[in-house]
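Me: I am new to this structure and would like a close look at a single part of it. Please keep the sentences short.

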Protein chains: 2
Amino acid sequence: MRILERLPRESGRDYALRVLKDNIVHLDLAPGSQISENELAAEMGLSRTPVREALIELSRVRIVEIYPQKKSTVALIDYAMVDEARFMRNQMECAVAELVCELATETDIARLRECIRMQRFNLESYYSDSLMELDNRFHETLFQIARKQEVYRLMQGIAIHFDRVRGMALDTVKNHRIVADHEMIVSTIGSRNKSAARALMEQHLNRYRIDEAGIRARYPQYFAEKKQA
Amino acid sequence: MRILERLPRESGRDYALRVLKDNIVHLDLAPGSQISENELAAEMGLSRTPVREALIELSRVRIVEIYPQKKSTVALIDYAMVDEARFMRNQMECAVAELVCELATETDIARLRECIRMQRFNLESYYSDSLMELDNRFHETLFQIARKQEVYRLMQGIAIHFDRVRGMALDTVKNHRIVADHEMIVSTIGSRNKSAARALMEQHLNRYRIDEAGIRARYPQYFAEKKQA
DNA sequence: ACTGAAAAACTAGCATACAAGTTATTGACA
DNA sequence: TGTCAATAACTTGTATGCTAGTTTTTCAGT
């Protein structure tokens with residue numbers, strides 16, 4: 001497991017959460033692998049309590065499974081879960097895009113353009129690692145403008161299912177395409193064209209579609225059996 | 001505070017959660033009131049640990065606010081929060097209604113009709129307390145048919161903000177209206193009419209609109225100041 | 001070598017003790 | 001009576017011990 005640096009005034013619980021999430025999305029804690037409060041606590045230099053609290057929180061979004069008195073595991077990849085995360089994001093982002101057309105002030109739009117400027121800069125300097133971060137910031141800003149920050153937070157909670165498979169995909173998303181999308185979206189927001197904004201957002205989110213079958217073929221042991229309906 | 005009966009194999013944490021939620025929505029734990037892990041634990045006959053875990057979970061949906069080393073409080077009513085909960089529900093329910101038109105089998109539709117049958121029975125026998133429960137079951141069934149159960153669970157998490165003000169409203173929703181809505185919705189689902197199902201669902205959810213100003217006037221001390229944007 | 005039961009080594013849930021920080025109280029002094 | 005500092009009484013965060021349940025291991029008996 002990769003142990004991150006603990007931030008200045010970060011609580012033990014938040015630290016444990018951050019470390020666990022990082023290791024889960026990067027597959028250092030493999031899907032299906034068993035995890036133990038004791039071991040994790042020892043590795044992070046904490047006691048069981050904050051680690052346990054973090055695990056409980058992760059189990060709420062079904063990325064960790066706790067079997068009382070037996071064991072806890074990192075959840076296997078369940079495409080039903082991934083689909084729910086994507087579905088929720090699609091619906092909320094599109095609705096937010098429309099709302100932003102109504103609500104955005106000139107200052108708001110300037111903030112969005114600033115996001116995009118940083119993304120462009122990032123593209124040219126080939127630090128493509130952090131583009132995802134800037135991408136997230138752009139979308140979060142949209143939710144802020146629409147006054148739907150809590151919805152964004154909840155969404156991010158289950159988004160970890162999606163993020164985990166995103167990292168496994170072979171064909172990475174073309175980054176310049178993403179930034180170009182952002183520019184068009186902001187432009188339609190500026191012209192207050194709700195239906196266009198929604199349509200562009202829908203198209204934009206579709207770029208993140210991933211090759212489920214390909215990943216499943218390469219890592220069959222990471223996948224849960226499809227449940228019967 | 002109202003202490004509920006502990007269920008057979010219910011964990012301490014789940015029990016604490018249930019008791020806390022119940023007391024929060026029924027205002028026995030008033031908005032803004034201070035709560036202490038120690039006191040709550042004593043009242044429920046538990047130790048701090050499970051109570052604390054429950055409080056952490058409630059703080060995730062911002063219905064409880066934890067100020068480390070200072071105090072914890074029941075959140076004041078924040079209409080921004082209520083709006084987010086309603087927004088999320090509206091969007092997801094409408095999208096799910098469309099999905100159900102595609103996915104519902106005859107068996108699924110029979111399940112929905114059974115829900116409605118029980119609601120009708122309930123209407124006639126004037127046990128109107130539990131109609132909300134049956135109403136919830138109907139909507140949850142829709143999410144199950146659409147294979148979006150986790151989305152439903154997340155939604156229910158912040159729905160507590162909405163439920164709390166719902167109980168404070170003077171003019172109660174006309175119950176027979178709700179059941180009639182359900183019947184029309186199922187009927188459009190049966191005919192696979194997506195746009196009609198969405199429209200009916202939107203109309204249906206609008207029946208839950210509440211008189212914000214009226215409640216605020218009666219219970220000003222329960223409300224948070226409006227934040228500056 | 002195989003079977004099966006006892007025992008040891010795990011698991012997470014819960015209780016409790018302590019630490020670190022904040023607030024309320026007390027009481028001396030002006 | 002009023003001020004202010006010491007202190008006591010809270011708060012939540014974390015560590016640790018104990019309980020109850022499950023799994024694994026051990027080892028006797030065949």
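Which of the 19 residues around DNA strand D come nearest?

Reply: First, a caution: this is a predicted model. Five names answer you. From chain A they are A:Gly12, A:Ser47 and A:Thr49. From chain B they are B:Ser36 and B:Ser72.

Now look at the elements behind that surface. In chain A, helix 1 (12-25) and helix 3 each supply at least two of its residues. In chain B, helix 2 (37-44) and strand 3 (71-74) each do so too. By class, the surface near DNA strand D has 9 polar, 6 charged and 4 nonpolar residues.

Follow strand 3 of chain B next. This strand belongs to an open sheet of 3 strands, with the order 1-3-2 and antiparallel pairing. The edges are strand 1 (34-35) and strand 2 (64-67) of chain B, and each of them pairs on one side only. Strand 2 and strand 3 of chain B are joined by 4 bridges. Across that pair, B:Tyr67 stands opposite B:Lys71. Helix 3 (residues 48-60) of chain B packs on the sheet and touches strand 2 and strand 3. The direction of this helix makes about 110° with that of strand 2.

Helix 3 of chain A leads elsewhere, to the contact between the chains. There, chain A and chain B give 18 residues each. On the side of chain A, helix 3 (48-60), helix 4 (79-103) and helix 7 (149-166) each give two or more residues. Helix 4 of chain A gives the most, with 8 residues. By class, this side has 10 nonpolar, 7 charged and 1 polar residues.

Conventions
Residues numbered from 1 in each chain as written. Chains lettered and ligands numbered in written order. Predicted model: local features only at pLDDT ≥ 70, side-chain atom pairs only at ≥ 80, totals over all residues. Contact = placed C-beta atoms within 7 Å. Nonpolar A, V, L, I, M, F, W, Y, C, P; charged D, E, K, R; others polar. Near = placed C-beta within 6 Å. Pairing = 2+ DSSP bridges. Axes fitted to C-alpha atoms, helices over the stretch in contact; angles between N-to-C directions.
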